[in-house]
Amino acid sequence: MTPLRLTSFTAASSMGCGLEETLDALQQQRSGLAPCNFETVDIETHIGEVPGVDATVLPEGLRSFNCRNNRLAQLALMQDDFMAAVASSAAHWGPRRVGVFLGTSTSGMLETELAYRARDPATGALPTEYDYAATHNSFSVADFVLQALHLEGPAAVMCTACSSSAKVFASAQRMISAGMIDAAVVGGVDSLCLTTLYGFHSLQLTSRLPCRPFDVARDGISIGEAAAFILLERPAPRPDGGAIMLLGTGESSDAYHMSSPHPEGRGARASIQQALTAAQLAPADIDYINLHGTATVSNDSAEDLAVTSVFGTRTACSSTKGATGHALGAAGALEAVICALAIEHGFMPGGLSTTAVDPKLNLHYLRENQRANIRHVLSNSFGFGGANCSLIFGRPA
Amino acid sequence: MPAMTPLTAYIEGIGVLGPGFADWPSAAAILAGEAPYVAAATVLPLPLSLPPAERRRTGGVVKLALAVGFEATTRCGIERSTLATVFSSSGGDGLNCHEICRVLASSDRQLSPTRFHNSVHNVAAGYWSIAAGATAAANVLCAYDASFGAGLVEALTQVAVERTPLMVLAYDTQYPEPLNAKRPIPDAFGVALVLAPDARGTSLAKLTAMLSDSGAERMSEPQLEAMRASIPAARSLPLLRKLARRESGRVTLDYLRHARLALEVEPCS
């Protein structure tokens, strides 16, 4: 496939707001996870909450979009001059030639959960001020971002659970390749809500402790929240030697089970191989793999089989979910930003919270940061329903 | 600026289910003016394609998507397990969402695991992949009222770029109260189109798409226009009418606030 340039990117997660804080947390191996005291949630677990979300004010004219998810989106948009980069891209290509493709799993679900508590006792009606389209609906975050960035290109929200904001890269790549658009704002925004906290708890998939990906005693995820945005552009005719590029994408379905991965990682392996083929790279060309690594027993063992079947056991791998928590529909975009920082700053982030790597897992799991000259990284994202996506980022030759 | 690749695809199979529409042949007869439209609530069939244990867990949105998906791939010459898919819906499973919110607003917040896994927007795609044994990419979109257009744009770009056949499905079901008052969708409607990059002996029509500033075409019959305007997946009706009448020419469909989708339709022999 034709590589696309990551012209600008930013993220807000429990590790920090913007690239400087994110990079500092990664380099200092600082986790954003803390015991859960979110809203009225009474589950013993750790979460990755983004500070400052509720203090964020939406721009004038877009206040109807006010909900935790869109406040989190706005908080990230304000970092790293991202909006200025988009404005400059839109001025160059035209606002109709810049698309918006974002991933989320629950969008503004929290707003609906709160509205149900405030139902009219007599009629059962939701509060008058509750705005379904601007807050609850999955598309609300894309509609908000379109308007906040004054863009007029094609737009959609991708909802494949935990691979949502990885798959938007493939979607945008196809639109640019087909000539529909020349640039796209891709990313993911997913915010804490009761549905995911109580839902993953009901499946016995949340850990009491900070999640421990690939650990012998791993026992579930830590739910996080994040917003991450990336401006993808058709590259200039001559390749820009310094720019980080999206080099390959791969997508597959497990066709196995709604909430468990295929035990041998069949779909994961297919998406990894497709991404390598699209990037015209061999497994040995990949310097670092940012794993999906949720810290559930089944994900990590299936992913281990998929990764080692393609790469063997020498490629350095880690999951950054011990630092960020599992940002669900925003995880793919957040981890894309982490991969871009790893390439730019020449280091491989070690996985936090893991103390003893499961001896039954064979991939080369990094627990400490390692300095390295990184050319190519692979990032895996796998979702409920068996929706897999692998992305390759790097600096082309 | 690079030239825009024409977004062209050939329709290989159609599935429809909605109020008064039992399947594509009967819907086509109505849309072609050969049979009267008789309003009737949508009947969602049991998804017999799923193993019994899975079948019991499925909600309306899965039944609807699987029904139109199986119809579209039954009268088509492409093996369904090989198709990539694009699913698009303006909301998830409305009843399931209501039940989750009701439980979370109560004093006992124990969610059922089945409720939770049915709450993901890609639940229909997950069950489709299991029922059809489809391991290719499944993309699952939401674009509120623009969901049919967004699904078709995603599908057509994928066919144009990957040069492989796929199926696009758009479907919506209604919410119970109190959400229905905030998002009134009168009944369930689903449509599925199997698209291929090149003409085959069995192709039904050629589609070429571009973005447009024109207004969206309406349905002349008031009941069908009400359906088009109130159910996002039924924004496809003007296209389905053209296909039913085997007419060639342009049809403009509703899409985003700032753009419509213009389609050149050309029936194949």
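**Stop 1: helix α2 of chain A**

Select Arg68(A), Asn69(A), Asn70(A), Arg71(A), Leu72(A), Ala73(A), Gln74(A), Leu75(A), Ala76(A) and Leu77(A): these are the buried residues of α2(A). The helix spans residues 68–77, and 10 of its 10 residues are buried, so the rest of the structure largely encloses it. Keep in mind that this is a predicted model.

Step past the helix to Asp80(A). This residue sits in the loop between α2 and α3 (82–93) of chain A. Is Asp80(A) buried or exposed? Asp80(A) has 20 other C-beta atoms within 10 Å, so it is buried. Check its backbone too: phi is near 55°, a positive value in a residue other than glycine. Most residues other than glycine have a negative phi.

**Stop 2: the nonpolar core**

Now select Ala184(A), Ala227(A), Ala228(A) and Phe393(A). In the largest nonpolar core, which has 246 residues, these four touch the most other members. Helix α12 of chain A, residues 331–345, gives this core its largest share, 11 residues.

Zoom in on Ala227(A). Its strand is β9 of chain A, residues 226–233. Ala227(A) is buried, because 35 other C-beta atoms lie within 10 Å. Which residues does Ala227(A) touch, leaving out those up to four places away in sequence? Show Ala11(A), Ala12(A), Leu72(A), Ala73(A), Leu75(A), Ala76(A), Gly187(A), Val189(A) and Ala330(A) as the contacts of Ala227(A). Leu72(A), Ala73(A), Leu75(A) and Ala76(A) were among the buried residues of α2(A) at the previous stop. For a sense of distance, draw a line from Ala227(A) to Asp120(A): C-alpha to C-alpha they are 33 Å apart, with their positions 107 residues apart in sequence.

Move to Ala228(A). Again leaving out residues up to four places away in sequence, Ala228(A) touches Ala11(A), Ala76(A), Ser165(A), Gly187(A), Gly188(A), Ala330(A), Ala333(A), Leu334(A), Ala336(A) and Val337(A).

**Stop 3: a loop in chain A**

Select Glu39(A), in the loop between β3 (34–35) and β4 (46–48) of chain A. Its phi is near 50°, another positive value in a residue other than glycine. Glu39(A) has 14 other C-beta atoms within 10 Å, so it counts as partly exposed.

**Stop 4: where the chains meet**

Show both chains. How many residues of chain B are in contact with chain A? There are 54, and they meet 54 residues of chain A. On the chain B side, colour α4 (94–104), α5 (113–117), α6 (123–132), β3 (138–142), α7 and α8 (179–182): these elements each give two or more residues to the side that touches chain A. α7(B) gives the largest share, seven residues. By class, this side of chain B has 32 nonpolar, 16 polar and six charged residues.

**Stop 5: α7 against α7**

Select residues 164–177 of chain A and residues 147–162 of chain B. These are α7(A) and α7(B), packed at an angle of about 65° with their axes 9 Å apart. The two helices are therefore roughly perpendicular to each other. Their crossing is left-handed. From α7(A), pick Ser171(A), Arg174(A), Met175(A) and Ser177(A); opposite them in α7(B) are Glu154(B), Thr157(B), Gln158(B) and Val161(B). This contact divides into two nonpolar, four polar and two charged residues.

**Stop 6: α4 against α4**

Next take α4(A), residues 109–117, with α4(B). They pack at an angle of about 60°, and their axes are 8 Å apart. That angle makes α4(A) oblique to α4(B). Here the crossing is right-handed. Thr112(A), Glu113(A) and Tyr116(A) make the contact from α4(A), and Cys101(B), Arg102(B) and Leu104(B) from α4(B). Three of these residues are nonpolar, one is polar and two are charged.

**Stop 7: two loops in chain B**

Select Glu177(B) and Pro178(B). The peptide bond from Glu177(B) to Pro178(B) is cis, with omega near 5°. Most peptide bonds are trans. Pro178(B) lies in the loop between β4 (166–172) and α8 of chain B.

End at Val43(B), in the loop between α1 (24–31) and α2 (52–55) of chain B. Is Val43(B) buried or exposed? Val43(B) has 11 C-beta neighbours inside 10 Å, so it counts as exposed. Draw one last line, to Lys242(B): C-alpha to C-alpha, Val43(B) and Lys242(B) are 25 Å apart, and 199 residues apart in sequence.

Definitions and conventions:
Residues are numbered from 1 along each chain as its sequence is written. Chains are lettered from A and ligands numbered from 1 in the order in which they are written. This is a predicted model: local features need pLDDT of at least 70, side-chain atom pairs count only at pLDDT 80 or more; totals for chains, interfaces and linings use all residues. Axes are lines fitted to C-alpha atoms, for helices over the stretch in contact, and angles run from 0 to 180 degrees between N-to-C directions. Helices (H or I, at least four residues) and strands (E, at least two) are DSSP runs, numbered from the N terminus. Angles under 35 degrees count as roughly parallel, over 145 as roughly antiparallel, 65 to 115 as roughly perpendicular and the rest as oblique. A crossing is left-handed if the near helix is turned anticlockwise from the far one by less than a right angle, and right-handed if clockwise. Two residues are in contact if their C-beta atoms, placed from the backbone, lie within 7 Å. Ala, Val, Leu, Ile, Met, Phe, Trp, Tyr, Cys and Pro count as nonpolar, Asp, Glu, Lys and Arg as charged, and the others, Gly among them, as polar. A nonpolar core is a set of buried Ala, Val, Leu, Ile, Met, Phe, Trp, Tyr and Cys residues joined through C-beta atoms within 7 Å. A residue is buried if 20 or more other C-beta atoms lie within 10 Å of its own, exposed if 12 or fewer, and partly exposed in between; C-beta atoms are placed from the backbone.
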